[in-house]
Amino acid sequence: MKKLTLTVLLGLMMMFTSGMAMAENYTYKVYDPVANKSYTAQMITLSASDTHYYIGLGTSNGIPCILDEKVNTNSQGLIGGKCYGAYDKVGQTYSWREYRKNTYRPEYRSIMQERQGKTRLTVID
């Protein structure tokens, strides 16, 4: 039953994030304060229009959130920050953090390079 639910949720997330890009495929930890749970997420792009997109995180339970441009580094050197719910979770704030050092910036740059020359040209900050 869990596999079926996960498959359906991932399918829905992919439908709603048709502009999805996962260049490096690192994973991040996303904390949902409402559910008091943490989830594993990957960096994705979320379509805003035909020419604009947001960079965000997509979790295994189907929560897409848009990354805030402000990041911080903790005492272990891991980058993290806030992200904001998209689609049916609009307005909800999540916290996120790298699982391993030096993954956020290379992946962010990789997605930007991947998007150059494609129809969705602009990242909205």
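**Exercise 1. Work out whether Y28 is buried or exposed.**

Start with the number: in this predicted model, Y28 has a relative accessibility of 0%. Buried means under 20%, so Y28 counts as buried. Now try W96 in the same way: its value is 3%, so W96 counts as buried too. For the wider picture, buried residues make up 35% of the chain's 125 residues.

**Exercise 2. Find the aromatic pairs and classify the one between Y28 and W96.**

Searching the whole structure turns up three aromatic pairs. For Y28 and W96, the ring centres are 5.9 Å apart and the planes sit at 85°. Planes over 60 degrees apart count as edge-to-face, so that's what this pair is. Next, look at where the partners sit: Y28 is in strand β1 (residues 27-32) and W96 is in strand β6 (residues 93-98). They are 68 residues apart, and the pair links distant parts of the chain.

**Exercise 3. Do the same for Y104 and Y108.**

Here the centres are 5.8 Å apart and the planes make an angle of 45°, so the pair is tilted. Both residues belong to helix α2 (residues 104-115); being four residues apart, they are separated by about one helical turn. Y104, at 7% relative accessibility, counts as buried. To finish, put the residues together: Y28, W96, Y104 and Y108 form one aromatic cluster.

**Exercise 4. Place these elements in the overall chain.**

Count first: the chain has two helices and seven strands. Then read along the sequence, and you get α-β-β-β-β-β-β-α-β.

How values were computed: Residues numbered from 1 in each chain as written. Predicted model: local features only at pLDDT ≥ 70, side-chain atom pairs only at ≥ 80, totals over all residues. Heavy atoms only, no water. Buried < 20%, exposed > 50% of the residue type's maximum accessible area, 1.4 Å probe, protein only. Phe/Tyr/Trp six-rings, centres within 6.5 Å; stacked < 30°, edge-to-face > 60°.
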